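Please load the model and keep the sequence panel visible beside it. The tour below moves from one selection to the next, and each stop says what to select and what is found there.

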Amino acid sequence: MTQPDLSSIDAATIAINQRMNKFDGHEQVWLFGYGSLIYKADFPYIERRAASIEGWTRRFWQGSHDHRGTPLAPGRVVTLVPQAGAVCDGMAYLITPEVFAHLDHREKNGYLRLATDITFDDGSKVEGLVYIANEENAAFLGAASEFDIARQIARSSGPSGPNSDYLLHLASALRELGKADPHVFAIEQHLAQLRETPATDPTP
Ligand code: BEZ
């Protein structure tokens with residue numbers, strides 16, 4: 001089977017992000033992280049604070065062909081989906097604009113920068129940025145049952161490692177922050193059950 005060519009999509013995502021000029025001229029910008037950014041900050045930052053954003057809910061609806069899966073067998077990673085009244089907990093980083101160049105390349109798989117209000121856990125607010133992969137991007141997989149998502153995560157792996165590591169790190173980072181996410185924790189629970197009762201191989 002031929003590999004789908006996703007490089008032009010990646011290049012388009014980077015180009016759109018580089019045209020996003022909302023914070024041009026700012027020396028420092030707050031970035032809200034709700035996925036791997038909660039537990040892995042492989043970039044320099046000035047400050048890091050637990051925070052949340054309103055009107056969005058975290059979902060394992062984005063396909064990952066470049067980090068936690070492959071073009072032929074994509075894994076699933078989180079994106080944010082609009083939901084009235086929802087609050088998404090995560091971690092905010094105060095960074096310099098140069099760091100976006102690094103993140104635009106790391107997260108080139110359909111994630112676009114969006115301006116958002118960020119609320120720190122002490123109740124104070126700032127305007128900042130968040131990366132969101134919406135349903136129009138080519139890697140978007142969309143809704144599935146939490147059991148089916150766990151099954152896909154259980155069998156997926158990519159250049160950044162097993163998809164299950166991503167899920168387990170995210171769930172434990174949320175717990176360390178004292179935050180609950182029923183969607184993430186339900187998938188984690190299904191994954192644990194799948195590991196206890198692996199599918200039996202009918203061949204002798
Ligand atoms: C995040 O953790 O917020 C994140 C990481 C990668 C892509 C998009 C968002």
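Begin by selecting strand E1, which is largely enclosed by the rest of the structure because five of its five residues are buried; buried here means under 20% relative accessible area, whereas exposed means over 50% and partly exposed lies in between, computed with a 1.4 Å probe on protein chains only. Before going further, note that this is a predicted model, in which local features need pLDDT of at least 70 and side-chain atom pairs count only at pLDDT 80 or more, while totals for chains, interfaces and linings use all residues. Residues are numbered from 1 along each chain as its sequence is written, and side-chain values use heavy atoms, with hydrogens and water left out.

With E1 still selected, colour its two faces separately: Val 29, Leu 31 and Gly 33 are on one side, Trp 30 and Phe 32 are on the other, and all of them are buried, which leaves both faces covered. In a regular strand the side chains alternate between the two faces of the sheet. Helices (H or I, at least four residues) and strands (E, at least two) are DSSP runs numbered from the N terminus.

Which strands pair with E1? Extend the selection to strand E3 (residues 75–95), which pairs with E1 (residues 29–33) in the antiparallel sense over five bridges, two strands being counted as paired if DSSP finds at least two bridges between them. Within this pairing, Trp 30 has Leu 94 as its bridge partner, and Val 29 stands opposite Ile 95. Then add strand E5 (residues 125–132), where the pairing with E1 is parallel and runs over two bridges, with Phe 32 opposite Val 130.

Now select the five strands of the closed barrel, which runs E1-E3-E2-E4-E5 with mixed pairing; from one strand to the next, the twist averages 45°. Inside this barrel, E2 and E3 are joined in the antiparallel sense over 15 bridges, and E2 also pairs with strand E4 (residues 112–120), again antiparallel, over two bridges. A useful residue to centre on is Ser 52, which stands opposite Asp 89 in E3 and also opposite Thr 119 in E4.

Stay on E3 and pick Val 78, which lies in that strand and is buried, with a relative accessible area of 2%. Leaving out residues up to four places away in sequence, Val 78 touches Tyr 34, Gly 35, Arg 58, Arg 59, Phe 60, Gln 62, Tyr 111, Tyr 166 and Leu 170, where contact means heavy atoms within 4.5 Å. Draw a distance from Val 78 to Leu 170: they are 92 residues apart along the chain, and their C-alpha atoms are separated by 9.7 Å.

Leu 170 leads to helix H5, as this residue is among those of H5 that meet H6. H5 lies across strand E2 (47–64) and E3, and runs at about 80° to E3. Select helix H6 (residues 182–196) together with H5 (residues 163–177): their axes come within 10 Å and cross at roughly 130°. That angle makes H5 oblique to H6, since angles under 35 degrees count as roughly parallel, over 145 as roughly antiparallel, 65 to 115 as roughly perpendicular and the rest as oblique. The axes are lines fitted to C-alpha atoms, for helices over the stretch in contact, and the angles run from 0 to 180 degrees between N-to-C directions.

To display this contact, show Ser 164, Leu 167, Leu 168, Leu 170, Ala 171, Leu 174 and Arg 175 in H5 with Val 184, Phe 185, Ile 187, Glu 188, Leu 191 and Arg 195 in H6. These residues divide into nine nonpolar, one polar and three charged.

Is Glu 188 in helix H6 buried or exposed? Glu 188 is buried, with a relative accessible area of 17%. Its contacts, leaving aside neighbours within four places in sequence, are Leu 167, Leu 168, Ala 171 and Arg 175. Glu 188 and Ser 164 are 24 residues apart in sequence and 8.6 Å apart in space, C-alpha to C-alpha.

Finally, select the whole protein, whose secondary structure comes to six helices and seven strands. Of its 204 residues, 48% count as buried, and residues 24 or more positions apart account for 75% of the contacts with a separation of 6 or more.

Terms used: Nonpolar A, V, L, I, M, F, W, Y, C, P; charged D, E, K, R; others polar.
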